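User: I would like a close look at a single part of this model, set in the context of the chain around it. Please take the second largest pocket and work outwards from its lining to the strands that surround it.

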Amino acid sequence: MILSDKTLIKMLEEKTLVVEPIEKEQIQPASIDIRLGNTFSIVEDTSTGIINLENEIKYKTITSDSYILLPNQFVLATTMEYFDLPDDLTAFVEGRSSLGRMGLFIQNAGWVDPGFKGEITLELYNANRCAIELKAGRRVGQLVFAKMDQTALNPYNGKYQGQRGATGSRVFIDKEIR
């Protein structure tokens with residue numbers, strides 16, 4: 001079941017859901033707006049021009065209140081908000097339609113697991129022919145929260161738990177199932 005603004009407000013007041021910092025205007029009828037933070041990371045070039053999944057990927061990270069996203073450029077960014085989800089709540093990350101209509105694709109693999117704590121790393125891509133100026137503090141999307149039928153047996157405690165800032169891929173840590 002998707003949670004309403006009434007339920008979200010109650011959970012925030014009771015601290016069973018933590019979103020910090022938050023302004024009351026961010027609470028929408030069925031979601032909470034997320035704002036762009038001030039760290040941005042881009043993949044550093046490799047000598048071979050190839051990224052593989054077995055080695056750590058190097059990123060250049062900058063802290064700035066604005067970032068110019070060039071056409072066809074990809075950058076990692078972060079939310080301004082820190083989240084702490086209970087073990088029976090999950091969330092979907094959705095980009096703002098108004099920004100999508102400008103060619104700005106916003107994603108984070110679209111999913112926040114129950115038990116996750118941290119800022120959310122966003123993957124931003126400019127599909128436009130013009131550069132797009134990004135500014136920290138601007139609303140870029142929303143989280144839609146869904147109540148699970150029961151508490152997760154194994155709430156999230158993975159490699160991104162507690163992350164702050166635009167956090168690069170840690171796929172090289174994965175132990176693949178064979």
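Analyst: What follows starts with the chain as a whole, turns to the pocket, and then moves through the strands next to it.

The model is a predicted one, and the values below are computed from it. The protein chain holds two helices and twelve strands, and along the sequence these elements follow the pattern α-β-β-β-β-β-β-β-α-β-β-β-β-β. With a radius of gyration of 17 Å, close to the 16 Å that the globule rule gives for 178 residues, the protein chain is as compact as a globular protein of that length. Its C-alpha trace spans about 50 × 45 × 25 Å along the principal axes. Of the 178 residues, 40% are buried, and among contacts with a separation of 6 or more, 75% are between residues 24 or more positions apart.

The second largest pocket holds about 160 Å³ of space. Its lining consists of Leu36, Leu99, Met102, Leu104, Ile132, Glu133, Leu134, Lys135, Arg138, Arg139 and Val140. By residue class, this lining divides into seven nonpolar and four charged residues, with no polar ones. Two strands, strand 11 (132-135) and strand 12 (139-147), each supply at least two residues of the lining, and strand 11 gives the largest share, namely four residues.

One of the lining residues, Lys135, lies in strand 11 and can be followed further. Lys135 has a relative accessible area of 43%, which falls between the 20% limit for buried and the 50% limit for exposed, and therefore Lys135 counts as partly exposed. Once neighbours within four places in sequence are set aside, Lys135 is in contact with Leu36, Asp65 and Ser66. Leu36 is itself listed in the lining of the second largest pocket, so that contact joins two of the lining residues, because Lys135 appears in the list as well. Ser66 is 69 residues away from Lys135 along the chain, yet their C-alpha atoms are separated by 4.4 Å.

Leu36 leads on to strand 3, which covers residues 31-43. Strand 3 is mostly covered, with ten of its 13 residues buried. Several strands pair with strand 3. Strand 2 (residues 27-28) does so in the antiparallel sense over two bridges, with Ile27 standing opposite Ile32, and a hairpin joins strand 2 to strand 3 through two residues. Strand 4 (residues 59-63) also runs antiparallel to strand 3, the two being joined by five bridges, and Thr61 in strand 4 is the bridge partner of Ser41. Strand 12, which contributes to the lining of the second largest pocket, pairs with strand 3 in the antiparallel sense over four bridges. Within that pairing, Arg35 stands opposite Arg139 in strand 12, and Arg139 is one of the residues that line the pocket.

Strand 3 is further joined to strand 6 by three bridges, and these two strands run antiparallel. The bridge partner of Leu36 in strand 6 is Thr79, so a residue of the pocket lining is tied by a bridge to strand 6, a strand (residues 74-84) that is largely enclosed by the rest of the structure because eight of its eleven residues are buried. Ser41, already mentioned as the partner of Thr61 in strand 4, stands opposite Leu76 in strand 6.

Beyond strand 3, strand 6 has further partners. Strand 1 (residues 18-20) pairs with strand 6 in the antiparallel sense over three bridges, and Glu20 has Tyr82 as its bridge partner in strand 6. Strand 10 (residues 117-126) runs antiparallel to strand 6 and is joined to it by eight bridges, with Leu124 in strand 10 as the bridge partner of Val75.

Taken together, the route runs from the second largest pocket, with Leu36 and Arg139 in its lining, through the pairing of strand 3 with strand 12, and on to strand 6 by way of the bridge between Leu36 and Thr79.

Conventions: Residues numbered from 1 in each chain as written. Predicted model: local features only at pLDDT ≥ 70, side-chain atom pairs only at ≥ 80, totals over all residues. Heavy atoms only, no water. 1 Å grid on protein atoms, 1.4 Å probe; cavity = no way out; pocket = protein on both sides within 12 Å on 5 of 7 lines; lining within 4 Å. Points joined across faces, edges and corners; volume = space filled by probe spheres on them. Nonpolar A, V, L, I, M, F, W, Y, C, P; charged D, E, K, R; others polar. Buried < 20%, exposed > 50% of the residue type's maximum accessible area, 1.4 Å probe, protein only. Pairing = 2+ DSSP bridges. Contact = heavy atoms within 4.5 Å. Rg over C-alpha atoms; globule rule 2.2 N^0.38 Å.
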